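Open the model in a viewer with the sequence panel beside it. The stops below say what to select next and what is there.

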Amino acid sequence: MAKLRLLFVKEHQASYISHLDLMRTFQRVFPRGGLELKHSQGFHPHPLISIVLPLPVGQSSECELLDFEVEQDADGTGVAEMLNAGLPAGLHVRDCYRAERPARELAFLRARLELDYDAGVSEGTADKLRELFSRGEVLVEKRTKHKELAQINVIPLLREIEWTAGDHAVSAEIVAAAQNPGLNPALLANAVASQLPELAPDFARVRRLELYDAEMNVFR
């Protein structure tokens with residue numbers, strides 16, 4: 001038996017696959033790779049498979065992680081190539097290897113937030129956004145695990161944020177807390193819309209770029 005970890009890309013139309021459908025997609029494709037998934041015990045056994053930090057629907061990522069256990073003694077060699085042959089467009093496995101580090105060591109994520117403006121970016125937009133997120137408190141509504149709305153301050157959850165303005169979009173490269181608690185970068189677009197309504201974007205997109213541990217070493 002072995003516990004393995006996939007590093008995979010989720011983008012384009014696959015960005016809109018829900019978490020549960022994504023799990024089902026991988027469960028269906030694993031047998032094509034010659035892998036026998038280990039199952040839980042009890043009356044309703046299920047495959048031992050989990051995504052380390054589930055990606056919100058509509059966001060893309062270059063660094064998704066999926067943990068699974070197989071009955072074979074495997075090190076992941078050749079698994080990526082076998083799985084990619086059966087995955088739908090927008091999903092691509094970059095690597096498969098033994099899962100050595102526990103998920104609790106994942107501390108930060110790097111992401112790119114892009115705010116699109118159909119009429120173009122007005123002068124001074126990036127400066128106003130820098131000023132907003134240099135404050136000690138920026139409150140935004142977030143739905144809790146109990147499905148209730150609560151006000152949270154996003155500033156303590158931000159480690160880095162750098163804004164760059166283009167002709168029709170302003171982008172921010174962000175390093176934020178990943179879990180316990182974590183920050184969904186899309187909430188920053190909500191903060192802009194509520195705090196600076198004149199700069200509310202016509203569309204916002206998020207792409208996850210990298211994952212780190214507490215010392216800012218790449219987490220794999």
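The tour starts with the whole chain and then moves to single elements and residues.

**Whole chain**

Show the chain as a cartoon; this is a predicted model. It has four helices and 10 strands, and from the N terminus the order is β-α-β-β-α-β-β-α-β-β-β-β-α-β. Along the principal axes, the C-alpha atoms fill a box of roughly 60 × 35 × 30 Å. The chain has 220 residues, of which 46% count as buried. About 11600 Å² is exposed, with carbon and sulfur atoms supplying 49% of that area. Taking contacts between residues at least 6 apart in sequence, 74% join residues at least 24 apart.

**Strand β5 and its partners**

Select residues 108-116, which form strand β5. Seven of its nine residues are buried. Now add residues 169-177, strand β9, which pairs with β5 in the antiparallel sense over nine bridges. To check the register, find F108, whose bridge partner in β9 is A177.

Next add strand β10, residues 203-212. β10 also pairs with β5 in the antiparallel sense, over nine bridges. Here the register can be checked at L113, whose bridge partner in β10 is V206.

**R110 and E173**

Stay in β5 and select R110. Is R110 buried or exposed? R110 counts as buried because its relative accessibility is 18%, and the cut-off for buried is under 20%. Show the residues around R110: beyond its neighbours within four places in sequence, its contacts include E160, E173, R207, E210 and M216.

One of these contacts, E173, forms a salt bridge with R110, and the closest N and O atoms are 3.2 Å apart. The pair links distant parts of the chain, with E173 in β9 and R110 in β5, 63 residues apart. E173 is partly exposed, at a relative accessible area of 32%.

**R207 and the other salt bridges**

Select R207 and E62. They form a salt bridge with closest N and O atoms 2.9 Å apart. R207 lies in β10 and E62 in strand β3, 145 residues apart. R207 is buried, with a relative accessible area of 18%, whereas E62 is partly exposed at 27%. Add E11 to the selection: salt bridges that share partners join E11, E62 and R207 into one network.

For a pair within one helix, go to α1, residues 19-29, where D21 and R24 lie three residues apart, about one turn of the helix. The closest N and O atoms of this salt bridge are 2.7 Å apart. D21 is partly exposed at 37%, and R24 is partly exposed at 41%. The count of salt bridges comes to 17.

**Nonpolar cores**

Select F133 and W163, the residues with the most contacts inside the largest nonpolar core, which has 41 residues. Elements giving two or more residues to this core include β3, β5, α3 and β8. Show what F133 touches beyond four places in sequence: among them are V138, V154, I161, W163, L188 and V192. A second, separate core has 26 residues, including F26, I51, L66 and L83.

**R143**

Select R143 in strand β6, residues 139-143. Beyond four places in sequence, R143 touches E148 and L149. Draw a C-alpha to C-alpha distance from R143 to V192: the two are 18 Å apart in space and 49 residues apart in sequence.

**Backbone at N180, P181 and M216**

Most residues other than glycine have a negative phi, and most peptide bonds are trans. With that in mind, go to the loop between β9 and α4, where N180 is found. Which residue does a cis peptide bond join to N180? The partner is P181, and omega is about -5°. P181 is in the loop between β9 and α4. N180 has a positive phi of about 60°, and N180 is exposed, with a relative accessible area of 72%.

Then select M216, in the segment after β10. Phi of M216 is positive too, near 65°.

**Surface patch**

For the last stop, show the surface and select Y16, V57 and F203. These residues make a nonpolar surface patch of about 330 Å². F203 is in β10, and F203 counts as partly exposed at 41% relative accessibility.

Definitions and conventions. Residues numbered from 1 in each chain as written. Predicted model: local features only at pLDDT ≥ 70, side-chain atom pairs only at ≥ 80, totals over all residues. Heavy atoms only, no water. Patch = residues over 30% accessible without salt bridge, like charges linked within 9 Å, V, L, I, M, F, W, Y side chains within 5 Å. Areas by Shrake-Rupley, 256 points an atom, 1.4 Å probe, with all protein chains shown as cover. Salt bridge = Lys/Arg side-chain N within 4 Å of Asp/Glu carboxyl O. Buried < 20%, exposed > 50% of the residue type's maximum accessible area, 1.4 Å probe, protein only. Pairing = 2+ DSSP bridges. Contact = heavy atoms within 4.5 Å. Core = buried A, V, L, I, M, F, W, Y, C linked by side-chain atoms within 4.5 Å.
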